[in-house]
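Here's a quick walk through one helix and the loop that leads into it. Have the structure open while you read.

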Amino acid sequence: MDKVDFESGAVQSYIGILQGVINRMATNSAGCKTWCITIVSAIVVIIADKPNPSYVWVSLVPILLFLFLDSYYLGLEQRFRDVYNVFIKKLHSGNATIEDVYIVNQCGGFCVTANSTGKAMLSHSIRPFYGLLMVMLGVIYKFVL
């Protein structure tokens with residue numbers, strides 16, 4: 001097997017590809033939070049005019065959907081970071097081969113994806129954000145509407 005070194009153009013391109021994928025997953029996660037706040041705020045404003053304030057709980061649907069989608073992106077980001085870290089460790093130890101380059105998929109199937117998504121739901125960037133959004137809906141329902 002042909003070993004690759006740090007200066008190889010293929011290695012630099014591969015690292016750039018992995019960094020790009022990780023960056024896109026982080027951007028998608030941030031976009032989920034932005035869209036969630038926008039949609040929930042719009043629903044609350046629309047419901048404020050209605051005679052039945054209990055419709056505010058309709059806002060839980062986008063919160064839960066974006067919670068799942070955000071967790072999915074965060075889980076994928078973590079899995080791609082793991083692929084990146086494994087490759088960098090192989091590269092530093094001199095064990096990276098040409099077969100390791102340009103493998104951009106994360107290992108595992110549905111169970112691994114579900115597990116990484118579940119772990120991401122418990123992360124510090126997900127739980128407080130969506131938890132506080134749900135608490136905010138309760139406060140709006142109780143004290144504002």
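Which exposed residues sit on the face of H4 turned away from its buried side? That face carries Leu132, Val135, Lys142 and Phe143. Keep in mind that this is a predicted model.

Now flip to the other side of H4. Tyr130, Leu133, Leu137 and Ile140 are buried. They cover an arc of only 70° around the axis, so they end up on the same side of H4. What do these buried residues pack against? Their partners are helix H1 (9-48) and helix H2 (60-93).

The length of H4 works out too: with 18 residues at 1.5 Å each, the helix should span 26 Å, and its end C-alpha atoms are 24 Å apart, which agrees.

Back on the surface, there's a nonpolar patch of about 600 Å², made by Leu132, Val135, Val139, Phe143, Val144 and Leu145. Val144 from this patch lies in helix H4.

Just ahead of the helix is Ser125, in the loop between helix H3 (110-121) and helix H4 (127-144). Leaving out residues up to four places away in sequence, Ser125 touches Lys33 and Leu74. Ser125 and Asp70 are 55 residues apart in sequence, yet their C-alpha atoms are 9.7 Å apart in space.

Here's how open two of these residues are:

| Residue | Relative accessible area | Class |
|---|---|---|
| Ser125 | 32% | partly exposed |
| Val144 | 59% | exposed |

Val144 counts as exposed because its 59% is over the 50% cut-off.

Terms used. Residues numbered from 1 in each chain as written. Predicted model: local features only at pLDDT ≥ 70, side-chain atom pairs only at ≥ 80, totals over all residues. Heavy atoms only, no water. Helix = DSSP H or I, 4+ residues; strand = E, 2+ residues; numbered from the N terminus. Buried < 20%, exposed > 50% of the residue type's maximum accessible area, 1.4 Å probe, protein only. Contact = heavy atoms within 4.5 Å. Patch = residues over 30% accessible without salt bridge, like charges linked within 9 Å, V, L, I, M, F, W, Y side chains within 5 Å. Areas by Shrake-Rupley, 256 points an atom, 1.4 Å probe, with all protein chains shown as cover. Salt bridge = Lys/Arg side-chain N within 4 Å of Asp/Glu carboxyl O. Expected span 1.5 Å × (residues − 1). Arc of directions from axis to C-beta.
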